Amino acid sequence: MKKVKFLFVAVALLLSCATMQAQFGKRLGKAVENAAKKTAERKAEQKTEEAVGKAIDKATDPDTYRDKDGGKESNSDAKSSKSQKPSQNNSDSEIEAKTDGEPAAATPQQGVKAAEMAYAKSDFVPGDEIMFEDDQASEQMGEFPSMWDLLQGNAEIAGIDGQNVIYMDKSTVIAPLMKNPKQYLSESYTVEFDFYVRKDIGGWWKIELMDKDGGRKSNIELWSAPDANRTVEGSWTTTTGENRNSDSKADLSAEGWHHCAISFNKRALKVYFDGLRTMNVPNVAQAEWCRFSCTGKHYLRNVRIAKGAVPLYDRMMTDGKIVTYGITFDVGKSTIKPESMGEINRIAKLMTDNPDLKFSVEGHTDSTGSEAANRKLSDERSAAVVTKLIETGISKDRLQPAGKGQTSPVADNATDEGRAKNRRVEFVKI
């Protein structure tokens with residue numbers, strides 16, 4: 001009887017163990033299944049994160065995006081790897097000349113709109129009377145820029161994005177070639193220019209505001225090291241002879257062209273990068289001429305120096321019109337540059353504050369090119385300005401576009417300065 005009981009217990013234990021093993025196997029199988037499922041989910045999430053990260057990078061920085069390993073891959077590098085690389089014996093300016101006509105960095109439409117919004121909020125007021133303007137349009141590739149004087153180093157004309165530019169080699173100093181080269185800045189003036197940021201080039205460039213004896217009254221220096229934010233350093237001499245300095249940051253992370261504007265009014269100095277004010281110094285000694293210098297390799301274009309501005313309403317009441325050089329266009333086109341938005345919004349505010357005010361918007365050109373082509377270009381430019389003003393909320397029936405071409409010069413078209421003064425937009429009261 002005892003043996004029967006023992007066998008019964010043994011069989012029961014074996015059956016119990018088998019059941020437990022089966023249950024364990026099921027649980028183990030389920031765990032393995034769940035682990036496999038979670039692994040698949042993590043891989044899917046990882047792929048999704050990579051895709052999202054790549055999309056974000058493309059949206060925030062169209063020239064650079066994450067590669068599959070989480071690193072950085074440049075669109076421009078990818079494109080250049082497919083094309084034949086230029087000879088290593090070529091200088092930077094020769095390379096730029098050979099690639100002339102192909103944008104060095106893409107500029108998405110949203111970037112243009114963002115720039116327009118920044119300039120719309122800017123309080124920079126461009127000068128009324130142009131003293132010096134050089135867009136390098138008539139220069140010969142590889143030659144020294146004809147409207148400049150070389151004080152040190154090397155500079156020549158190169159090509160970027162289909163436009164002639166000034167290429168400055170390391171340790172170079174150049175100055176505008178003026179009739180009175182060291183005595184032309186007044187007590188109120190503006191200086192504007194475009195400069196090119198390359199992420200692979202460090203060093204600095206600076207604009208120096210000088211007195212006639214060669215003393216530096218103020219100095220705006222941009223350290224263009226290849227990082228997200230460039231450091232802007234300023235030093236100046238006060239009206240009482242003290243030397244002071246400060247620094248700030250400018251968001252110049254996007255590779256390509258950026259705009260700098262400087263405003264001096266009696267003793268107040270303001271500096272703007274891409275429409276945003278980065279320096280505001282209330283007490284600076286008067287300067288009488290300026291020069292540009294750099295280390296590394298740098299590019300410069302569209303330099304304009306003008307005497308200070310008169311308030312818009314005062315100009316309109318005195319002359320019955322507003323003549324502005326602050327609305328500028330791409331060379332040979334009717335495309336309005338983003339830096340023009342500050343002036344366009346000043347006109348819009350004037351019209352908003354004076355609701356009965358109506359203008360004939362007249363575009364004027366110099367005499368370069370045929371008369372028919374200039375008439376067409378001025379028609380398109382005046383229409384473009386009207387469109388921008390309508391976008392700000394000004395009623396269409398208060399604006400009349402009128403292209404005048406080259407028919408109404410205000411200066412001699414035989415000189416660079418004269419042609420610069422003839423390229424203008426006039427708001428004539430009607």
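# A tour from the aromatic cluster to the four-stranded sheet

Start by selecting Trp148, which counts as buried because its relative accessibility is 3%, under the 20% cut-off. This is a predicted model, and what follows is read from its atoms.

**Stop 1: Trp148 and its partner.** Add Phe132 to the selection. At 1% relative accessibility, Phe132 also counts as buried. Among the 14 aromatic pairs, this one has ring centres 5.4 Å apart and planes at 85°, so it is edge-to-face. Colour strands β3 (residues 129–134) and β4 (residues 148–152): Phe132 lies in β3 and Trp148 in β4, so the pair ties together parts that are 16 residues apart in sequence.

**Stop 2: Trp205 and Phe273.** Select these two next. The planes of their rings stand at 55° and the centres are 6.4 Å apart, so this pair is tilted. Trp205 belongs to strand β9 (residues 204–210) and Phe273 to strand β14 (residues 268–273), so parts 68 residues apart in sequence are tied together here. Are Trp205 and Phe273 buried or exposed? Both are buried.

Now show Phe193, Phe195 and Phe292 as well. Together with Phe132, Trp148, Trp205 and Phe273, they form one aromatic cluster.

**Stop 3: the largest nonpolar core.** This core has 45 residues, and Phe193, Phe273 and Phe292 have the most contacts inside it. Which strand gives the most to this core? Strand β8 (residues 188–197) does, with 5 residues. Centre the view on Phe273 and display its surroundings. Leaving aside neighbours within four places in sequence, its contacts include Phe195, Trp205, Leu222, Val232 and His259.

Another core lies apart from this one; it has 24 residues, among them Ala348, Val361, Leu399 and Phe427.

**Stop 4: a charge over a ring.** Before moving on, select Trp257 and Arg301. Arg301 lies over the face of Trp257, at 4.1 Å from the ring centre.

**Stop 5: the open sheet.** Show residues 321–324, 359–364, 399–405 and 424–429 as a cartoon; these are β18, β19, β20 and β21. The sheet has 4 strands in the order β18-β21-β19-β20, with mixed pairing. β18 and β20 stand at the edges with a single partner strand each, so one side of each has no neighbour in the sheet. On average, neighbouring strands are turned by 20° against each other, direction ignored.

Take the edge at β18 and look across to β21. In which sense do β18 and β21 pair? The pairing is antiparallel, over 4 bridges. Thr324 has Val425 in β21 as its bridge partner. Side chains alternate along β18: Ile322 and Thr324 point to one face and are buried, while Lys321 and Val323 point to the other and are not buried.

At the other edge, β19 and β20 pair in the parallel sense over 6 bridges. Select Val361 there, and Pro401 in β20 is found opposite. Val361 is also one of the residues of the 24-residue core.

**Stop 6: the helices on the sheet.** Select residues 341–353, which make up helix α6. This helix lies across β18, β19, β20 and β21, and runs at about 170° to β18. Then select residues 371–391 for helix α7, which packs on the sheet and touches β19, β20 and β21. The direction of α7 makes about 155° with that of β20.

How values were computed
Residues numbered from 1 in each chain as written. Predicted model: local features only at pLDDT ≥ 70, side-chain atom pairs only at ≥ 80, totals over all residues. Heavy atoms only, no water. Pairing = 2+ DSSP bridges. Helix = DSSP H or I, 4+ residues; strand = E, 2+ residues; numbered from the N terminus. Axes fitted to C-alpha atoms, helices over the stretch in contact; angles between N-to-C directions. Contact = heavy atoms within 4.5 Å. Core = buried A, V, L, I, M, F, W, Y, C linked by side-chain atoms within 4.5 Å. Buried < 20%, exposed > 50% of the residue type's maximum accessible area, 1.4 Å probe, protein only. Phe/Tyr/Trp six-rings, centres within 6.5 Å; stacked < 30°, edge-to-face > 60°. Lys NZ or Arg CZ within 6 Å of the ring centre and 35° of its normal.
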